[in-house]
Every structure is written in C-alpha cells, then in structure tokens.
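Take a moment with the sequence and the 3D view. The paragraphs below lead you through them step by step.

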Amino acid sequence: MTKLPLEGIRVIDCSHIVAGPFTSMLLAQAGAQVIKLEPPATGERLRRGASIPNAIGERAPLNFIALNRGKLGITLNLRDPQGKEAFKKLVAVSDVLVENYRPGALKELGLSYDVLKAVNPRLIYASISGFGKRADLRGPYSGWTAHNPSAQAMSGLMDGSRLPGGPPMQVGAPIGDTIPALWTAYGITLALRQREQTGTGQFLDIAMYDTMSMHNYGAVAAAGVSSSGTERRHQELGPSHRLSAACGTRHVRGVRAPGPDIPSAGRPDQTIGCAVRVGPATAAVGRAQRVCFWRDRRIQPGSDPGDEGETRAVVLANPACVRQYDAIC
C-alpha cells in the first residue's frame with residue numbers, strides 16, 4: 001500500500017478558529033500525525049460555535065468537527081510552568097508547529113520561535129497573522145489582529161465581489177482564513193523539503209493580507225497601469241483595488257450613506273470597512289472589540305475619520321437589533 005506523503009511527520013496544532021486548524025487539517029489528510037492542543041476546561045473557541053444534534057440528541061460543534069477531523073487531541077495549560085515544560089517536551093519530538101494566536105501571544109508565554117528552536121533546531125514553526133510578524137519585515141499593521149472579513153476587505157477582494165455600482169460584498173465562504181491556510185500548508189511542505197537538505201527548521205511568517213492580495217493580483221496590476229475610474233476597471237479588468245469593505249459583526253454586509261441609521265460626513269458614495277468582534281455581552285455595543293478600516297488605514301474608536309467624506313459605521317451588536325453607535329470610527 002502506498003504511504004501518504006507526510007506519514008512520519010508530527011505536527012503540533014496550537015491554533016484556533018479557522019486558519020490554523022484548516023492548515024493542520026490539510027497536513028493530516030496528507031498523512032501527518034497532528035496533535036491538537038487546547039486549553040483545559042473550555043477548549044478552543046470554535047467548540048462554542050454552530051452545533052448540530054447527533055443521533056442521541058447531543059449537540060456537536062459542526063465547524064470544529066469539520067476542521068479538526070483526523071487529529072489527536074490533548075489539553076495543556078501553557079500559562080502553568082509544568083504545562084510549558086510538557087509542551088517543550090512535545091516540541092522536542094515534533095516536526096512542525098502551527099499557531100495563529102494574536103501577534104506576540106506565544107512570545108509573552110515564553111514560547112517564541114527562538115526559545116523553541118533551542119529545544120528543537122529542526123522545528124518548522126508556522127505562524128499565521130493578519131499582517132506578518134517577522135522583525136525585519138514589520139509594517140505599521142503588524143501588531144493588529146485580523147480575521148476573515150478584515151482580510152477580505154483589506155485585500156480588495158470585497159470590491160471585486162460586488163455587483164457593478166453596488167457596495168463591496170464579502171464572499172460567503174471564509175476565504176480570508178482558508179486561502180492563508182493553503183499558503184501555510186504549502187510553505188510547510190517546502191520547509192520540510194528544505195530541511196532534508198539543510199538539517200534545520202525555520203520560522204514561517206504567513207500574513208493573511210499578503211496571501212489574499214496575491215489572489216487579487218489582477219486588481220493590483222489594474223490599479224498600477226490604469227487611470228480610469230473604479231467602475232471602468234471593474235468592467236474591463238475584473239476586480240478593482242479599492243480597499244473598502246462591508247460593515248457589521250456576525251453578518252457582514254455592505255453599507256452606504258446616507259441612510260436612516262448612518263450619519264454621513266460627506267460624499268454619499270463611500271463605504272467604510274468595519275470588522276467587529278463582539279464580546280460576551282453581545283447587546284453591549286461598548287464592549288465590542290472593534291477594528292475599523294477606512295480604505296488603507298485604521299481608524300481608532302472614538303476618533304474622527306478625517307476629511308475624505310467618510311461614513312461612520314453601524315455596529316450590529318445583536319442580530320435582532322441594529323444599534324447606531326456614533327463615532328465608533
């Protein structure tokens with residue numbers, strides 16, 4: 001029987017939600033032994049997502065099952081000294097680590113690549129973030145968190161998905177997570193091949209924005225060579241490179257001003273991008289963790305967007321109740 005290409009490779013899946021688990025799922029399907037690491041008691045956040053009843057009426061988290069099939073699972077408290085030591089022992093006998101926590105999270109725990117490289121010089125440490133982490137390639141957005149809607153928005157893909165004359169639209173599938181995951185899995189396989197030649201591992205810095213922009217290469221080229229307007233480029237060359245987005249939280253939708261719930265500060269044809277992650281108290285807009293974008297720059301909550309004729313955002317803090325939260329961005 002033919003062996004799968006990654007049989008004999010051990011992967012520590014120290015990730016959550018979609019991008020990291022999708023990466024390790026691809027590696028598991030190729031034959032790797034993937035060990036899913038979760039915090040005790042609660043498990044990772046995706047366990048608390050959409051669920052379906054099984055044959056005996058128990059509810060199972062559908063997305064978690066889909067993205068973590070074919071993996072082994074353990075719980076480990078990485079904040080506890082004993083948990084950290086156990087983790088390092090696992091690293092010492094593993095080939096790959098996949099993580100997509102917020103920038104700096106594992107470093108704060110004393111588990112950065114430099115630390116783990118000393119434990120296992122052959123380790124391939126794959127880190128997925130919104131805008132990259134490498135110290136020599138850091139940009140102004142490197143410390144930001146990101147997820148599917150913001151990745152789609154910042155790359156310009158939402159603009160390419162819209163109807164002519166309509167607002168930017170989010171692609172229904174979570175491609176802002178799965179496209180970076182594909183590139184991460186590809187990078188890991190290349191790093192494994194290179195390790196055969198060099199004997200050492202490496203740090204893989206995968207930025208969601210970079211990979212999404214790569215898939216929107218036509219818009220970048222069009223913006224560079226065409227002096228025509230967005231609509232003309234949209235008609236002639238496909239997606240344009242207007243870095244705008246939809247607005248919302250659980251359901252991200254295009255918003256234009258003026259409207260009954262959206263105060264306009266200027267031009268009525270502009271759309272602001274607002275990627276919002278709602279906290280435990282979903283009805284309390286003030287507790288929402290917000291990352292808002294106006295074209296290619298970030299807007300701090302409570303600040304004025306500027307003088308470009310921007311539109312303030314409406315936050316859907318509760319799917320049943322649209323609340324206007326003035327001056328969020």
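What follows moves from the whole chain to one sheet, then to its helices and its charged pairs.

This is a predicted model. The chain has 329 residues, and 46% of them are buried. Its secondary structure comes to 11 helices and 15 strands. Take the contacts between residues at least 6 apart in sequence: 68% of these join residues at least 24 apart. The accessible surface comes to about 16300 Å². Carbon and sulfur atoms account for 54% of that surface.

Now find the sheet. Strands of a sheet pair through backbone hydrogen bonds, either parallel or antiparallel. Here 6 strands form an open sheet with parallel pairing. Read across it and the order is β5-β2-β1-β6-β7-β8. Which strands stand at the edges? They are β5, residues 72-75, and β8, residues 202-207. Each has a single partner strand, so one side of each is left without a neighbour in the sheet. Neighbouring strands are turned by 20° against each other on average, direction ignored.

Look next at the β8 edge. Strand β7 covers residues 124-129 and pairs with β8 in the parallel sense over 6 bridges. Ser127 stands opposite Asp205 in β8. Ala126 also lies in strand β7. Is Ala126 buried or exposed? Ala126 is buried, because its relative accessible area is 0%, and the cut-off for buried is under 20%. Leave aside its neighbours within four places in sequence, and Ala126 is in contact with Leu97, Val98, Glu99, Thr184, Ile188 and Leu204. Ala126 and Ile206 are 80 residues apart in sequence. In space, their C-alpha atoms are 7.4 Å apart.

Two helices come next. Helix α1, residues 19-29, packs on the sheet. Helix α1 touches β1 (10-13), β2 (33-38), β6 (96-99) and β7. Its direction makes about 165° with that of β1. How many residues of α1 are buried? The count is 9 of its 11 residues, so to speak of α1 as mostly covered is fair. Among the buried residues are Pro21, Phe22, Met25 and Leu27. What covers them includes β1, β2, α2 (62-67), β6, β7 and α8. Just after α1, Gly31 takes a positive phi of about 110°.

Helix α8 covers residues 175-198. Helix α8 lies across β6, β7 and β8, and runs at about 160° to β8. This helix also contributes to the surface. Leu182, Trp183, Tyr186, Leu190 and Met214 form a nonpolar patch there. Together they have about 500 Å² of accessible area. The largest share of the patch, 4 residues, comes from α8. Trp183 has its place in this helix. Trp183 is partly exposed, because its relative accessible area is 31%, and partly exposed means between 20% and 50%.

Turn last to the charged side chains. Side chains of opposite charge can pair when their charged atoms come close. The count of salt bridges comes to 10. One of them joins Lys133 and Glu99, at 2.8 Å from N to O. This pair links distant parts of the chain, with the two positions 34 residues apart in the numbering. Lys133 sits in the loop between β7 and α6 (148-154), while Glu99 is in strand β6. Both Lys133 and Glu99 are buried. Glu99 is also one of the contacts of Ala126.

Arg102 and Glu108 form another salt bridge, with the closest N and O atoms 2.7 Å apart. How covered are these two residues? Arg102 is partly exposed, with a relative accessible area of 43%. Glu108 is exposed, with a relative accessible area of 57%. Asp159 and Arg162 also form a salt bridge, their closest N and O atoms being 2.9 Å apart. Asp159 is buried, and Arg162 is buried too. Finally, Asp13, Lys36, Glu44 and Lys71 are linked in a network of salt bridges.

Methods:
Residues are numbered from 1 along each chain as its sequence is written. This is a predicted model: local features need pLDDT of at least 70, side-chain atom pairs count only at pLDDT 80 or more; totals for chains, interfaces and linings use all residues. Side-chain values use heavy atoms; hydrogens and water are left out. Buried means under 20% relative accessible area, exposed over 50%, partly exposed in between (1.4 Å probe, protein chains only). Contact means heavy atoms within 4.5 Å. Accessible areas come from the Shrake-Rupley method with a 1.4 Å probe; for residues, only the protein chains shown count as cover. Two strands pair if DSSP finds at least two bridges between them. Axes are lines fitted to C-alpha atoms, for helices over the stretch in contact, and angles run from 0 to 180 degrees between N-to-C directions. Patches are made of residues with over 30% relative accessible area and no salt bridge: like charges are joined within 9 Å, nonpolar side chains (Val, Leu, Ile, Met, Phe, Trp, Tyr) within 5 Å. A salt bridge is a side-chain nitrogen of Lys or Arg within 4 Å of a carboxyl oxygen of Asp or Glu.
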